[in-house]
Amino acid sequence: MPKTRTANGPRRFPSSRTALTRRSLLGGAAALAATIGPSRVARAAAPVPFGAAIQSNFFDSDPAYAQVFLDRCDLVLPMNELKFPMLRPTRESFEFGPADRLVDWARSNGKTSRGHTFVWHDGNPAWLERIRDPIEAEMVLREHIQRTAGHFRGRLESWDVVNEVIAHEPRESGGPLRDTWWLRTLGPRHIPIAFAEAARADPGARLVVNDYDLEFRGARYDARRRVMLDLVRQLQDGGLRVDAVGIQGHLYSHFEIDPEAMARFGRDLKTLGVGLLATEIDVIDFQVPGGPEEIDRAAEKVVGDFLDGLFAGQRPEAVITWGLTDRYSWVGDVMPRTDGQPVRPLPLDADLVPKRWYELLRRRLAQA
Ligand code: G3I
């Protein structure tokens with residue numbers, strides 16, 4: 001989530017003198033069985049697929065909302081229904097119903113879908129974070145992925161295997177990985193464990209490591225891009241398949257995108273044989289003065305710069321927004337405008353009318 005800082009104390013990591021070695025990030029996690037991944041379907045001529053995250057909360061109460069995903073998207077994914085809070089309210093339960101419904105509805109309407117996410121730090125149920133024994137935590141993690149990825153086997157194009165595992169601000173004192181319950185209980189090896197289990201449970205799904213703040217100009221973002229590349233290399237060194245990196249794309253429209261840095265990042269991933277997706281695009285406009293016209297103009301600029309950087313690195317496998325209409329978005333709940341105007345984070349407004357940046361995005365995907 002692109003706003004919180006790690007609240008916990010510093011963790012011992014290699015000093016700045018010993019640059020982050022290719023082993024240190026994952027603590028030398030044991031190499032696990034390598035797997036042969038799904039080949040990336042050649043899409044030389046077809047446009048880059050456009051997708052959006054949908055919420056089951058509004059699926060029944062707002063039929064026009066559901067319909068607009070069918071009208072506008074190639075891919076539709078459950079926003080929250082595959083995360084621990086909704087999927088695993090208790091240790092014994094796997095509440096697959098809401099996600100099954102969304103995924104099967106999308107697929108029966110000719111759309112593809114994807115999974116988000118096995119491992120995250122936000123909102124984990126109390127029963128999970130009460131676990132202190134690493135052996136028990138590992139068992140829970142492996143079972144969670146085996147059962148969940150197994151249940152959806154063959155129905156999802158890809159999974160965000162882990163989400164936001166990079167430190168909000170990687171520094172030699174705080175270390176490269178985010179200080180989460182997963183890290184404190186299992187250590188860095190929770191990441192290769194998750195990738196190994198996902199590869200086994202659904203060999204046909206592409207495996208993605210997803211994170212935020214990988215697109216802006218500045219030292220913190222450079223550091224996060226560096227850590228992401230190191231993480232991918234170390235997973236590969238451990239014999240694990242990493243098919244793609246997800247750049248979330250929560251775009252603060254008062255920040256500056258670094259298209260050149262994004263392009264280098266995409267090219268470096270391509271050199272590693274790793275693809276790229278934009279997974280959660282929306283625009284955070286609380287610092288942009290003016291009315292809807294000014295807000296949308298700033299959004300069009302930041303989205304355009306983001307897409308320039310994304311495509312300059314490599315052709316993305318998909319471009320996905322985090323919701324589709326201003327009617328429903330986390331942004332207004334978490335970062336509301338101080339002037340009382342509603343936020344305008346998504347490609348369609350609250351009346352389901354496309355904004356200019358939606359048209360810009362679709363044109364760019366069609367040119368790819
Ligand atoms: O399902 C319950 C419902 O039963 C209850 O009545 C209601 C009121 O408390 O809460 C509902 O759960 C909410 C859930 O969204 C579904 O609507 C949670 O409280 C709420 O915290 C949750 O927020 C989601 C958030 O992740 C935390 O999971 C946002 O919708 C979602 O947009 C946001 O998405 C994250 C990505 O997963 C990762 N990247 C950052 C992004 C934005 O934070």
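A polar contact is a pair of N or O atoms within 3.5 Å. In this predicted model, the side chain of His 116 offers one such pair: an N or O atom there is 2.8 Å from an oxygen atom of the ligand. Two further side chains can be read in the same way. In Trp 322, a polar side-chain atom lies 2.9 Å from an oxygen atom of the ligand. In Gln 248, the partner is instead a nitrogen atom of the ligand, and the polar side-chain atom lies 3.4 Å from that nitrogen. As for area, the ligand taken alone exposes 800 Å², and the protein buries 57% of that.

The surroundings of the ligand comprise 16 residues, of which Asn 57, Lys 83, His 116, Glu 280 and Trp 322 come nearest. His 116 and Trp 322 therefore appear both among these nearest residues and in the polar contacts described above. Sorted by class, the shell holds seven polar, five nonpolar and four charged residues.

His 116 also has a backbone feature to inspect. The peptide bond that joins His 116 to Thr 117 is cis, with omega at about 0°. Thr 117 belongs to strand β3, which covers residues 115-119.

A second backbone feature concerns Glu 164. Its phi is near 60°, a positive value in a residue other than glycine. Glu 164 sits in the loop between β4 (158-163) and β5 (166-171).

The remaining topic is a pair of helices. Two packed helices are described by the angle between their axes and by the distance between those axes. For helix α9 (residues 219-237) and helix α10 (residues 259-271), the angle is about 5° and the axes are 11 Å apart. Angles under 35 degrees count as roughly parallel, so α9 is roughly parallel to α10.

Which residues of α9 and α10 meet? From α9 come Asp 222, Arg 225, Met 228, Leu 229 and Val 232, and from α10 come Ala 261, Phe 265, Asp 268 and Leu 269. By class, this contact of α9 with α10 has six nonpolar and three charged residues, and no polar ones. The charged residues are Asp 222 and Arg 225 in α9 and Asp 268 in α10.

Conventions: Residues are numbered from 1 along each chain as its sequence is written. This is a predicted model: local features need pLDDT of at least 70, side-chain atom pairs count only at pLDDT 80 or more; totals for chains, interfaces and linings use all residues. Side-chain values use heavy atoms; hydrogens and water are left out. A residue is near a molecule or strand if one of its heavy atoms lies within 4 Å of it. A polar contact is a pair of N or O atoms within 3.5 Å; within protein, one must be able to donate a hydrogen and the other to accept it, and residues adjacent in sequence count only if both atoms are side-chain atoms. Accessible areas come from the Shrake-Rupley method with a 1.4 Å probe; for residues, only the protein chains shown count as cover. Axes are lines fitted to C-alpha atoms, for helices over the stretch in contact, and angles run from 0 to 180 degrees between N-to-C directions. Helices (H or I, at least four residues) and strands (E, at least two) are DSSP runs, numbered from the N terminus. Angles under 35 degrees count as roughly parallel, over 145 as roughly antiparallel, 65 to 115 as roughly perpendicular and the rest as oblique. Contact means heavy atoms within 4.5 Å.
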